[in-house]
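Student: Please take one part of this model and go through it closely. I would like to know what lies around it and how it relates to the rest of the chain.

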Amino acid sequence: DFTDEPIDLTNCEKEPIHIPGMIQPHGALLVAANDDARTVVQCSRNVDLLLGTPAESLLGQPLSAVIGERALAFVEESLVRPAAGDKQHFLEMTIDLPDGSAEFFAIFHVSDELLVVELERPTNDDAPVVDDFEWVQAFFTRIKRTHSRAGASQVAAELVKDILGYDRVMVYEFDADWNGKVIAEAKNSTMEPFLGHHYPASDIPKQARALYVRNWVRTIVDMDYEPVPVVPTLQPSGKPLNLSLSVLRSVSPIHIEYMKNMGVGATMTISLIHGGELWGMIACHHESPKYVPHRQRNLCNFLGSFFSSELHQRQKLDDYQGELHLKSLAQRLARVFGAPGTPDQLKDKLTADEDALLSVMNASGAAVQYKGRLLLFGSTPGAAQIVKLAVWLSQQAEDYAYHTNRLSSVYPQAAEYPDKAAGVIFLSLSSDYRDHILWFRPEVVQTVTWAGDPAKAVVRVGEGYRISPRKSFEAWQEVVTNTSLPWESKELHTLSDLKSIALKQTEEDLRLAEEKSI
Ligand code: BLA
């Protein structure tokens, strides 16, 4: 219940989306008790439209009277199979209706001991005609041929788009804080590009992510749908019906609004999971309503898990190559700092290799203080600001180095230049701290791209108010204000490599100074 609650990011997490008491109307839902007759105890209101029998007449009947003895026997048999636990089973069946028989997809699972059967009528309109085998083969072959994570993601997006025919297919990746980024995209030319865009964690709240770990494919067939209530609302035990594993589960109205704001008419999402953890999603958008038959959805589920493990391998390769690259940059810099010469000579050398100086820390700016001269590269605060900051940093430094990605929280003056230095890494080049390097990163808000309509901060829902999707971005912006992307362990490793080089240099200086004084 959201009524009168203050608007904050945790609201989204409180919505009990697993017990909406409603379904999407492209199918019908039957709930059967765990008794011998498998008595129908709940059903969706729209059974009259799909099965020709009103809900009132269906409730209390044995399930076999609705789906037939044979289908029920098959269902019971698949349920006792081992590892049947947390998953759905699937069956194509013909059901005798009052006015003739019809084909259905039946997807069933167990929820609180109750048997939940979901029936979808295959639509013959734009269902893609594909050969499963060819499809799977094309997917495997083309993914296997790619070498990088980005390459594999791009191919996956393109293949899923070809196969399912959505207007836009994205590979969406979570970071450590569950914020998301679009890392690959295949789309119709008329669609606005989302590639590279970042989204706050609250856009896919925690309880939704938990459901996508259990249920790997989520479809919303028509954003403009009228939800269909399940009757009676509660199961015989008095509890709400848990629809965590349901494929027809009605969607959070907040999420629907979010999608409509984006101009999306239908979606399908395939979970990307590694080691039991959701690390990303393949997100498909269609401008108009779109139904994909369960058969194809199932195949996507399988391809998603194949793609996940392929991508994991490529990530390891990318990390390894990234480390090699950083090492070579660090060596180049070590040569420069190993024989710096005069400040002017050092300046010339670093200017010629500015790219190495900045990319070794993935920084947007750097400052080098050397023999009384301050040399600036890329985007930095002003010289006077840097000199003051460096004094403070040399006091904080332990073992000649210091780093933070929230500089202004420990050094308030930095709030004057978050666009230049929300994060900083400091490395002393001499034992008296007089010579040193600073690397800078701007605040993350400046470096990420955001799309969407920031209007409509609050929506009226009945008596109360609810947070709307775009409000979450503002809240997220507050969270990341004055914060840069974190310094990663590979950068901190390189820092200590550079440090040992710099310190050797310092020892050498001391030895020379000693020799001179003798
Ligand atoms: C679900 N939010 C989702 C899903 C996606 C996103 C992919 C999965 C369901 C689906 O396939 O549509 C988010 N989709 C995105 C993003 C992009 C995209 C970021 O295409 C970018 C390109 N959402 C909000 C806010 C709340 C919220 C503020 O923005 C909460 C108040 C909730 N999102 C929300 C909920 C779900 C959801 C509750 C679960 C929907 C469900 O499965 O019922």
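Tutor: Two residues count as being in contact here if their C-beta atoms, placed from the backbone, lie within 7 Å. By that rule, and setting aside neighbours within four places in sequence, Tyr433 is in contact with Ser394 and Ser428. The model is a predicted one. Tyr433 sits in the loop between β17 and β18 (436-441), and that loop is a convenient way into the part to examine, the sheet to which β17 and β18 belong.

A residue is buried with 20 or more other C-beta atoms within 10 Å and exposed with 12 or fewer. Tyr433 has 17 within that distance, so it is partly exposed. Leu357 is 76 residues from Tyr433 along the chain, and the two C-alpha atoms are separated by 19 Å.

The sheet itself is open and made of 5 strands, in the order β15-β14-β18-β17-β16, with antiparallel pairing. At its edges are β15 (373-378) and β16; each has a single partner strand, so one side of each is left without a neighbour in the sheet. From one strand to the next the twist averages 10°.

Take the β16 edge. Strand β16 (residues 401-404) pairs with strand β17 (residues 423-428) in the antiparallel sense, over 4 bridges. Within that pairing, His403 stands opposite Ile425 of β17. In a regular strand, side chains alternate between the two faces of the sheet. In β16, Ala401 and His403 are on one side, with Tyr402 and Thr404 on the other. These four residues are all buried, so both faces of β16 are covered. The open side of β16 noted above is thus a matter of strand pairing within the sheet, while burial of its residues concerns the two faces.

At the other edge, strand β14 (residues 365-370) and β15 are joined by 6 bridges, again antiparallel. One of the bridge pairs is Ala367 with Leu376, the latter in β15. Helix α11 (residues 343-352) lies across β14 and β15 and runs at about 10° to β15.

Now the nonpolar cores. The largest has 39 residues, and those with the most contacts inside it include Ala156, Val160 and Ile282. Helix α7 (149-164) is among the elements giving two or more residues to this core, as are β13 (277-286) and α10. The most comes from α7, with 7 residues. Val160, its neighbours within four places aside, is in contact with Val169, Ile282, Cys284 and Cys300. Apart from this core lies another, of 38 residues, and here the sheet comes back in: Leu346, Ala363, Ala367 and Tyr402 are among its members. Ala367 is the residue bridged to Leu376, and Tyr402 is one of the buried residues of β16.

As for the rest of the chain, it has 18 helices and 20 strands. Of its 518 residues, 36% are buried. It is divided into domain 1 (27-120) and domain 2 (339-442 + 488-517), whose C-alpha centres lie 68 Å apart. Of the contacts between residues at least 6 apart in sequence, 63% join residues at least 24 apart.

Terms used. Residues numbered from 1 in each chain as written. Predicted model: local features only at pLDDT ≥ 70, side-chain atom pairs only at ≥ 80, totals over all residues. Domains from an automatic or database assignment. Pairing = 2+ DSSP bridges. Axes fitted to C-alpha atoms, helices over the stretch in contact; angles between N-to-C directions. Core = buried A, V, L, I, M, F, W, Y, C linked by C-beta atoms within 7 Å.
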